Amino acid sequence: MSGFLAMGGYGAYVWPSYAVAALALGGLLAVSLAQRAAARRELAARGLDRRKRGGGDA
């Protein structure tokens, strides 16, 4: 197992790269979900929310 984690001596570079990529993707997901919620609130405030009118699930 430690051999796998060491990645032939490159583990010090590989695992932090995965961590940075995971953080970036998680951040993008969080921002996207927040913007989606804000857009839905804006549409609901304007009376254009399709979910309340039965027009779809998007």
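# A guided tour of a three-helix model

Welcome! Begin with the whole molecule shown as a surface: the protein exposes about 4,900 Å², and carbon and sulfur atoms supply 66% of that area. Accessible areas come from the Shrake-Rupley method with a 1.4 Å probe, and for residues only the protein chains shown count as cover. What you have open is a predicted model, in which local features need pLDDT of at least 70 and side-chain atom pairs count only at pLDDT 80 or more, while totals for chains, interfaces and linings use all residues. Residues are numbered from 1 along each chain as its sequence is written, and side-chain values use heavy atoms, with hydrogens and water left out.

**Stop 1: the overall fold**

Switch to a cartoon view. You should find three helices and zero strands, following the pattern α-α-α along the sequence. Here helices (H or I, at least four residues) and strands (E, at least two) are DSSP runs, numbered from the N terminus. Of the 58 residues, 5% count as buried. Buried means under 20% relative accessible area, exposed means over 50%, and partly exposed lies in between (1.4 Å probe, protein chains only).

**Stop 2: the start of the chain**

Select Met 1, in the segment before H1. Met 1 is exposed, with a relative accessible area of 76%. Now move on to Met 7, in the loop between H1 and H2. Its phi is near 50°, a positive value in a residue other than glycine. Met 7 is partly exposed, at 28% relative accessible area.

**Stop 3: the aromatic cluster**

How many aromatic pairs does the structure hold? There are two. Rings of Phe, Tyr and Trp (its six-membered ring) pair if their centres lie within 6.5 Å; planes under 30 degrees apart count as stacked, over 60 as edge-to-face and the rest as tilted.

Show the side chains of Phe 4 and Trp 15: this pair is edge-to-face, with 5.9 Å centre to centre and 65° between the planes. Phe 4 lies in helix H1 (residues 2–6) and Trp 15 in helix H2 (residues 11–45), so the pair ties together parts that are eleven residues apart in sequence. Trp 15 counts as partly exposed, at 32% relative accessibility.

Add Tyr 18 to the selection. Trp 15 and Tyr 18 form a tilted pair, 5.6 Å centre to centre with 35° between the planes. Both residues lie in helix H2, three residues apart, about one turn of the helix. An α-helix has 3.6 residues a turn, so residues three or four places apart point the same way. Tyr 18 is exposed, with 53% relative accessible area. Taken together, ring pairs link Phe 4, Trp 15 and Tyr 18 into a cluster.

**Stop 4: a nonpolar patch**

Keep those three rings on screen and add Met 1 and Leu 5. Met 1, Phe 4, Leu 5, Trp 15 and Tyr 18 make a nonpolar surface patch of about 610 Å². H1 and H2 are the elements that give two or more residues to this patch. Patches are made of residues with over 30% relative accessible area and no salt bridge: like charges are joined within 9 Å, and nonpolar side chains (Val, Leu, Ile, Met, Phe, Trp, Tyr) within 5 Å.

**Stop 5: along helix H2**

Next, select H2 from end to end. H2 has 35 residues and reaches 50 Å from its first C-alpha to its last, close to the 51 Å expected at 1.5 Å a residue. The expected span of a helix is 1.5 Å times one less than its number of residues.

Which residue forms a salt bridge with Arg 46? Glu 42 does, with the closest N and O atoms 2.7 Å apart. A salt bridge is a side-chain nitrogen of Lys or Arg within 4 Å of a carboxyl oxygen of Asp or Glu, and a search of the whole structure finds one. Glu 42 is partly exposed, at 38% relative accessible area, while Arg 46 counts as exposed at 58%.

**Stop 6: after H2**

Just after H2, pick Gly 47, which takes a positive phi of about 75°. Then select Asp 49, in the loop between H2 and helix H3 (50–53). Is Asp 49 buried or exposed? At 8% relative accessibility, Asp 49 counts as buried. Leaving aside residues up to four places away in sequence, Asp 49 touches Leu 43 and Ala 44, where contact means heavy atoms within 4.5 Å.

For a last selection, try Ala 39, found in helix H2. Ala 39 is partly exposed, with a relative accessible area of 40%. Ala 39 and Asp 49 are ten residues apart in sequence and 9.7 Å apart in space, C-alpha to C-alpha.
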